[in-house]
Every structure is written in structure tokens, then in C-alpha cells.
Amino acid sequence: MIKILRYTEYVYLIVALFSCYRIYTDWNMDRQNAYLFVFFAIVSIGMFLFRRNYRRKFEQRKRDNQQ
């Protein structure tokens, strides 16, 4: 299960990178659409950090219980 959590973290980073690309390409043509992708990028980075922290706590708890 921990391996699945590790991979899903990086899905959020991919979404954030895609959102940054769309922000860069849409900024001068469609500002409203760019703002939507700014929101997606911020949420994706926040979710990456949250999921990473949660996975590390889960791994630490599992190591503590095994000892």
C-alpha cells in the first residue's frame, strides 16, 4: 500500500507541472482560464506536500510498531 501512496504523490506534481504550462501558454490570450490553472497548480502542490507528509508518518508508525 505504501508504494501506491508514493506514486500518487507524483501524480499531483504532474498535474501541477501541466497547470504551470497552461498558465504560461494561456496568460496573454485567456486570463480567466489561466487563473483557473493557477488554482489547480496551488492545490496540486499542496496535495503533494500533504500526501507526502501523511505517507512519511504512516511509514514511521509502521516502523515503530514492528520494533
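A salt bridge here is a side-chain nitrogen of Lys or Arg within 4 Å of a carboxyl oxygen of Asp or Glu. The side chains of arginine 6 and glutamate 59 satisfy that rule, with N to O at 3.0 Å. Arginine 6 sits in helix 1 and glutamate 59 in helix 2, 53 residues apart. The model is a predicted one.

Start with the overall form. The protein has 2 helices and 0 strands. Its radius of gyration is 16 Å, well over the 11 Å that the globule rule gives for 67 residues, so the protein is more spread out than a compact globule. Along the principal axes, the C-alpha atoms fill a box of roughly 60 × 15 × 10 Å. Helix 1 covers residues 2–26, and helix 2 covers residues 31–66.

Burial and contacts come next. Buried residues make up 21% of the 67 residues. The accessible surface comes to about 5500 Å². Carbon and sulfur atoms own 63% of that surface. Among contacts with a separation of 6 or more, 61% are between residues 24 or more positions apart.

Now return to the charged side chains. Side chains of opposite charge can pair when their charged atoms come close. The count for this model is 4 salt bridges. One of them, between arginine 6 and glutamate 59, has been described. Its two partners differ in cover. Arginine 6 has 38% relative accessibility, so it counts as partly exposed. Glutamate 59 is buried, because its relative accessible area is 14% and the cut-off for buried is under 20%.

Glutamate 9 and arginine 55 form another bridge, at 2.4 Å from N to O. Glutamate 9 lies in helix 1 and arginine 55 in helix 2, so this pair ties together parts that are 46 residues apart in sequence. Both partners are buried. Glutamate 9 has a relative accessible area of 0%. Arginine 55 has 7%.

A further bridge stays inside one helix. Glutamate 59 pairs with arginine 55, and their closest N and O atoms are 3.0 Å apart. Both residues lie in helix 2, 4 residues apart, about one turn of the helix. Which residues do the shared partners join? Salt bridges with partners in common link Arg6, Glu9, Arg55 and Glu59 into one network.

What surrounds glutamate 9, leaving aside its neighbours within four places in sequence? Phe48, Arg51, Arg52 and Arg55 are in contact with glutamate 9. Arg55 is its salt-bridge partner. Phe48 leads on to the rings.

A pair of aromatic rings is described by the distance of the centres and the angle of the planes. The model holds 5 aromatic pairs. Tyrosine 10 and phenylalanine 48 form a tilted pair, 5.9 Å centre to centre with 50 degrees between the planes. This pair also links distant parts of the chain: tyrosine 10 is in helix 1, phenylalanine 48 is in helix 2, and their positions lie 38 residues apart in the count. Is tyrosine 10 buried or partly exposed? At 38% relative accessibility, tyrosine 10 counts as partly exposed. Phenylalanine 48, at 8%, counts as buried.

Tryptophan 27 and tyrosine 35 make an edge-to-face pair. Their centres are 5.5 Å apart, and the planes meet at 85 degrees. Why edge-to-face? The angle is 85 degrees, and planes over 60 degrees apart count as edge-to-face. Tryptophan 27 is partly exposed, because its relative accessibility is 33%. Tyrosine 35 is partly exposed too, at 43%.

Ring pairs also build a cluster. Its members are Phe18, Phe37, Phe39 and Phe40. Phe39 and Phe40 appear again on the surface, where they form a nonpolar patch with Leu36 and Val43. The four patch residues together have about 350 Å² of accessible area. Valine 43 belongs to helix 2. At 38% relative accessibility, valine 43 counts as partly exposed.

Put the cross-helix pairs side by side. Arginine 6 with glutamate 59 joins helix 1 to helix 2. Glutamate 9 with arginine 55 does so as well. Tyrosine 10 with phenylalanine 48 adds an aromatic link between the two helices.

Key. Residues numbered from 1 in each chain as written. Predicted model: local features only at pLDDT ≥ 70, side-chain atom pairs only at ≥ 80, totals over all residues. Heavy atoms only, no water. Phe/Tyr/Trp six-rings, centres within 6.5 Å; stacked < 30°, edge-to-face > 60°. Buried < 20%, exposed > 50% of the residue type's maximum accessible area, 1.4 Å probe, protein only. Patch = residues over 30% accessible without salt bridge, like charges linked within 9 Å, V, L, I, M, F, W, Y side chains within 5 Å. Areas by Shrake-Rupley, 256 points an atom, 1.4 Å probe, with all protein chains shown as cover. Contact = heavy atoms within 4.5 Å. Rg over C-alpha atoms; globule rule 2.2 N^0.38 Å.
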